[in-house]
Amino acid sequence: MEDQGFLPYAVLLLLATVLAVPLAKRWRLGAVLGYLGAGALIGPSGLRLIGKTEEISHISELGVVLMLFVIGMELSPQRLWVMRRSVFGSGSLQVAATAVLVGGVALAFGLDWKSALVVGLGLALSSTAIDLQLLAERKELNSAHGRLAFAILLFQDVAAIPILALIPILGGVHAQEGVLEELLAALRVIATIALVVVGGRYLLRPMFRAAAQQIGTPEVFTATALLVVMGTAWLMQVAGISMSLGAFLAGVLLADSEYRHEIEAQIEPFRGLLLGLFFISVGMSLDVHLAMAQPQLVGVLLLALIVLKAAVLYGIGRGVAREDHAQSLALAAVLAQGGEFAFVVFTMAAANGLLSPEQRDLAILVITLSMAATPLLVRLRAEIVPATKARPTREFDRIDAGTPRVIIAGMGRVGQIVARMLNANRIPFTALESDPEQVDFMRHFGNAVYFGDASRLDLLRAAQTDKAEIFVITTEDPDSNLRTARLLKRHFPHLKVFARARNRQHVFKLMDLGVDSIVRETFFSSLEISRGVFMALGYDEASANDYVRRFREHDERVLASQYPVYDDEAALLQSAQEARDDLMRLFQADTGEEDA
């Protein structure tokens with residue numbers, strides 16, 4: 001097969017993916033475990049269909065690079081500044097505590113302190129690729145444990161640089177010129193990062209603007225996106241920095257770019273395919289023969305790694321991040337494995353005489369097995385203790401604002417617009433938000449926002465709701481929206497309550513509570529789009545405005561007529577059918593009049 005080049009390997013890899021991943025998903029094991037299983041099956045320890053594991057692993061590393069680039073584009077510099085406590089607080093504590101515990105176990109197994117330190121630091125790193133893929137599959141990236149996991153992984157990518165720089169020093173490779181070489185290496189790292197930041201700030205947008213202007217050749221835009229990612233990764237690798245960290249930095253520089261969504265769309269197919277190839281290469285590196293030769297030792301080391309890392313992570317979740325039991329357990333399950341970057345750490349440690357080849361192979365085997373076990377751990381945790389969306393445990397802010405005329409609950413997309421208009425007219429208001437990260441983000445831009453749950457009566461009283469004139473509910477969660485409205489109507493009946501509604505059923509429930517004004521969140525924007533569509537089709541502005549006005553009046557009449565029967569499905573369906581027929585007759589009549 002070697003004489004035929006890489007093509008037979010590519011066919012085998014694609015065939016293994018097509019067969020293994022759907023089976024893994026069908027058995028509810030997740031795509032990651034499918035990739036790992038496929039790699040183990042066709043690799044040197046399985047059917048031995050592929051032997052060039054090193055070449056494939058080099059190509060597959062680009063999957064991790066592209067993934068970090070896409071994630072970087074989701075985070076603006078302001079967002080990263082908001083996350084600084086989680087990244088450098090929880091992240092540094094996790095790496096340090098895990099390194100001490102795991103290093104202590106390594107000392108107990110007979111390693112000297114230098115080797116134990118390298119083992120502890122290497123095993124403190126988790127798998128960015130597997131963890132973020134699992135969180136994305138389970139739609140948990142925006143959960144409390146998902147955000148904290150991402151912050152810790154981000155710090156680990158940064159920490160990998162000094163860990164690699166430390167290995168030659170501990171190994172004694174630099175005898176006399178070690179300090180000078182390390183100083184030059186540090187300066188090279190700083191200069192490279194500065195070059196990427198400055199160049200990215202002033203060159204990336206003009207590059208993409210020029211590529212976007214090539215209307216007849218869209219492949220130029222794709223090539224530009226790949227050039228930026230791979231070029232930045234290569235530049236970082238030359239400077240001795242993690243390629244994935246360089247790609248992440250390039251993504252952050254493009255986070256506020258107008259081309260962000262187009263870049264994501266162009267890179268997504270490459271990212272998914274190469275990331276799958278990375279997981280397959282990890283599966284191929286699994287040394288089954290070594291596991292079978294020393295099953296007890298491998299089992300003990302694997303269990304010790306998972307238990308120790310999980311204990312540290314659970315403690316950080318509970319003690320530092322103030323999360324509940326379910327969220328802390330979810331964090332521990334998703335980050336308890338070893339990481340792909342540890343492969344590089346232990347290979348370099350063996351080259352510098354800190355680990356023997358046998359110790360290196362054993363450590364890599366344990367890491368690979370822990371990565372393969374992660375999807376199972378996450379699924380097991382989800383079945384035993386579901387990571388429900390926890391209520392924030394951070395103490396509510398003390399509200400020391402003056403007497404407000406208006407109180408806004410929820411400072412998302414809708415609440416911010418209301419607040420800006422009130423502020424522009426110097427109308428005093430108090431803004432409440434239950435997401436602590438959103439509160440910190442808004443305060444970073446100078447907004448006076450207080451952390452608190454508006455469905456809590458004690459907080460409403462602290463906000464001087466009894467002295468306000470109007471209460472605006474713009475929270476995105478319909479259940480929280482209803483709880484707040486119920487409290488307001490029961491305890492503060494003098495207030496005029498304006499509420500945002502997600503859909504018609506939500507409107508009906510708010511009407512049950514007697515809310516004064518209810519606005520459907522997408523209704524008016526849909527009317528504006530319809531107005532523009534009519535005008536683009538050749539209708540004059542007066543006709544388009546008249547159609548939109550007639551539809552709005554008709555829909556509001558239908559909404560009022562459906563309210564008494566909204567809990568009767570049969571009556572509601574009949575009403576909806578009658579409303580459609582009435583609307584069609586209304587517009588047909590209008591068309592007939594115009595023709596006449």
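**Exercise 1. Classify the partners of a salt bridge within one helix.**

Task: State whether Arg379 is buried, partly exposed or exposed, and then describe its pairing with Glu383.

Solution. The model is predicted.
- Step 1: Arg379 has a relative accessible area of 25% and is therefore partly exposed, given that buried means under 20% and exposed over 50%.
- Step 2: Glu383, at 47% relative accessibility, also counts as partly exposed.
- Step 3: The side chains of these two residues, Glu383 and Arg379, form a salt bridge with an N to O distance of 3.2 Å.
- Step 4: Both residues lie in helix H17, and because they are 4 residues apart, about one helical turn separates them.
- Step 5: An α-helix has 3.6 residues a turn, so residues three or four places apart point the same way.

**Exercise 2. Find salt bridges that link distant parts of the chain.**

Task: Give the location and burial of each partner in the pairs Glu140 with Arg381 and Asp555 with Arg504.

Solution.
- Step 1: The whole structure holds 16 salt bridges.
- Step 2: In the bridge between Glu140 and Arg381, the closest N and O atoms are 3.8 Å apart.
- Step 3: This pair links distant parts of the chain, 241 residues apart: Glu140 is in the loop between helix H7 (128-137) and H8, and Arg381 is in helix H17 (residues 357-384).
- Step 4: Glu140 is buried at 12% relative accessibility, and Arg381 is buried at 6%.
- Step 5: Asp555 and Arg504 meet through their side chains at 3.2 Å, N to O.
- Step 6: Here the partners are 51 residues apart, with Asp555 in helix H24 (residues 541-562) and Arg504 in helix H22.
- Step 7: Asp555 is buried, at 10%, whereas Arg504 is partly exposed, at 26%.
- Step 8: Salt bridges also join Asp546, Arg549, Arg550 and Glu553 into a network.

**Exercise 3. Describe the largest nonpolar core.**

Task: Identify which helix gives the most residues to the largest nonpolar core, and list the contacts of Phe69.

Solution.
- Step 1: The largest nonpolar core has 110 residues, and Phe69, Ile263, Phe279 and Phe346 have the most contacts inside it.
- Step 2: Helix H8 (residues 144-171) gives the most to this core, 13 residues.
- Step 3: With neighbours within four places in sequence left aside, Phe69 contacts Val228, Val229, Ala247, Phe248, Ala250, Gly251, Leu254, Ile263 and Ile267.
- Step 4: Glu264, in helix H12 (residues 260-284), is 195 residues from Phe69 in sequence but 9.2 Å from Phe69 in space, C-alpha to C-alpha.
- Step 5: Glu264 is itself buried, with a relative accessible area of 15%.

**Exercise 4. Examine helix H21 and residue Val515.**

Task: Compare the span of helix H21 with its expected value, and place Val515 in its surroundings.

Solution.
- Step 1: Helix H21 (residues 478-491) has 14 residues and should span 20 Å; its end C-alpha atoms are 20 Å apart, so the two agree.
- Step 2: The buried residues of H21 are Ser480, Asn481, Leu482, Thr484, Ala485, Leu487 and Leu488.
- Step 3: Their cover includes helix H20 (457-462), strand S4 (470-473), strand S5 (496-501) and H22.
- Step 4: Val515 is in the loop between helix H22 (504-512) and strand S6 (517-520), and is buried at 10% relative accessibility.
- Step 5: Beyond four places in sequence, Val515 touches Ala485, Lys489, Val497, Ala499 and Leu510.

Technical notes
Residues are numbered from 1 along each chain as its sequence is written. This is a predicted model: local features need pLDDT of at least 70, side-chain atom pairs count only at pLDDT 80 or more; totals for chains, interfaces and linings use all residues. Side-chain values use heavy atoms; hydrogens and water are left out. A nonpolar core is a set of buried Ala, Val, Leu, Ile, Met, Phe, Trp, Tyr and Cys residues joined through side-chain atoms within 4.5 Å. Buried means under 20% relative accessible area, exposed over 50%, partly exposed in between (1.4 Å probe, protein chains only). Helices (H or I, at least four residues) and strands (E, at least two) are DSSP runs, numbered from the N terminus. Contact means heavy atoms within 4.5 Å. The expected span of a helix is 1.5 Å times one less than its number of residues. A salt bridge is a side-chain nitrogen of Lys or Arg within 4 Å of a carboxyl oxygen of Asp or Glu.
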